[in-house]
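Colleague: I'd like to learn how to read a model like this one. Could you walk me through it, feature by feature?

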Amino acid sequence: MNFKGCSRSAIEVLSGHMALKWQRRPGGVYCFNYHRIGSAADSEFDPNVYSCTPERFEQHLRMYQTNFDVISIDELISLHNSQQRVSERLALLTFDDGYIDNYQLAYPMLKSAGLTAVFFVSTDYIDKPQIPWWDEVGWIVRHSGNASVKLAHWPSAINIVDGAIGMRVRRLLKAVKQDNSLPMEEKLKQVKVALQLDHIGMPEPTELLVNWQQLKEMADNGMHIGSHTLSHNILAHLTPEQQLVELTQSKQRLETMLHREILSVAYPVGGSDTFTRNTLNVAQQAGYKLAFTFIPGINAKLGFDNRYSLCRFSIDENASVWQLKQMVNKSFSFMSN
Ligand SMILES: [Zn+2]
């Protein structure tokens, strides 16, 4: 929020209201989601997957410790089994995609703070290191000399030249995500051909994501691992049979490699248009106890209704503790008297 033009007293009133609302936030499970820890300026890929710097993450951890009871995924499963309204303010920390900085930065910080988190990974990316499709889109936008791109079946061209790099990548990603007429690999191939980038080699994906050994070390030291499917394809674009393969085989692969039961899954991308009502049934059929979306909100009541569609707050753009609290505040209504 920009307070330019506000008088000092107006800022104080707003801050006071914000603080009061935060103090009166309801009981429930507050799930927070991170992707990368680090600086987006250092990336040659998608800058939008950087949640915050290690310094900010440290501040977030202190805030969680002071304002919540931070629980593990196993504790959340037990709570769900009791199917009750939660009166305490509980926090669950989650990470998606398994970037190497999760192992190098987040894991040691969580460990030294005595906290745990659940890390959702797509097993195909661990088995065969490759650049994730959203990072490939980031690389394409950074390397294209063209002002726009349009595939033959797209209704209009996508501007990839105007604005900050984050916005330019977001615009192309939106078009790619909305197009469910082709497999992701084929869409990106066509985009690269359209931009004459198909003959330029992508950088090696070395050390972009965690490997099995690192994941096992994290799992053996108090961290929890969940599935983020096999391929990170958008489930709503797949048939129920394909969705079942994504959810079942990734679970089995994680269990074989990590020697423990995998009980939770996070739907790739995770917005309301990226999974269907049927996806929730498929998640249950595949043997998961919980499934997470990327829809913001507080999980106040735990039960069958939301067992396979839990809300998560997304931490983005190096959010300060103040911004993080504001994001939470916006998600519930509040009566000041
Ligand atoms: Zn993801």
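Colleague: Let's start with His228: is histidine 228 buried or exposed?

Modeller: Keep in mind that this is a predicted model. Histidine 228 is buried, because its relative accessible area is 1% and the cut-off for buried is under 20%. Histidine 232 counts as buried too, at 4% relative accessibility.

Colleague: And which residues coordinate the zinc ion?

Modeller: Asp97 does so through OD, while His228 and His232 each use NE2, at 2.1 Å. Along the sequence, the donor residues follow the spacing D-x130-H-x3-H.

Colleague: Okay, on to the domains. How is the protein chain divided?

Modeller: Domain 1 is made of two stretches, 25-130 and 205-330, and domain 2 covers 133-194. Their centres, taken over C-alpha atoms, lie 26 Å apart.

Colleague: How do I read the size of an interface?

Modeller: People often quote the accessible area that is lost when the parts come together. Here, domain 1 and domain 2 bury about 1400 Å² between them, with 52% of it on carbon and sulfur atoms. On the domain 1 side, Phe45, Asn48 and His237 supply 32% of the area buried against domain 2, more than any other three residues.

Colleague: How many residues are in contact there?

Modeller: 18 residues of domain 1 touch 15 residues of domain 2.

Colleague: What about salt bridges and polar contacts: how many does the rule find across the interface of domain 1 and domain 2?

Modeller: You get one salt bridge, plus 10 residue pairs in polar contact, counting pairs with both residues at pLDDT 80 or more. As for make-up, the side of domain 1 that touches domain 2 has eight nonpolar, six polar and four charged residues.

Colleague: Which side chain does glutamate 317 meet in a salt bridge?

Modeller: That of arginine 170, at 3.7 Å from N to O.

Note on methods:
Residues numbered from 1 in each chain as written. Predicted model: local features only at pLDDT ≥ 70, side-chain atom pairs only at ≥ 80, totals over all residues. Heavy atoms only, no water. Domains from an automatic or database assignment. Contact = heavy atoms within 4.5 Å. Buried area = accessible area lost by both parts, 1.4 Å probe. Salt bridge = Lys/Arg side-chain N within 4 Å of Asp/Glu carboxyl O. Polar contact = N/O pair within 3.5 Å; in protein donor to acceptor, adjacent residues only side chain to side chain. Nonpolar A, V, L, I, M, F, W, Y, C, P; charged D, E, K, R; others polar. Donors = N, O, S within 2.8 Å, 3.2 Å for Na, K, Ca; no water. Buried < 20%, exposed > 50% of the residue type's maximum accessible area, 1.4 Å probe, protein only.
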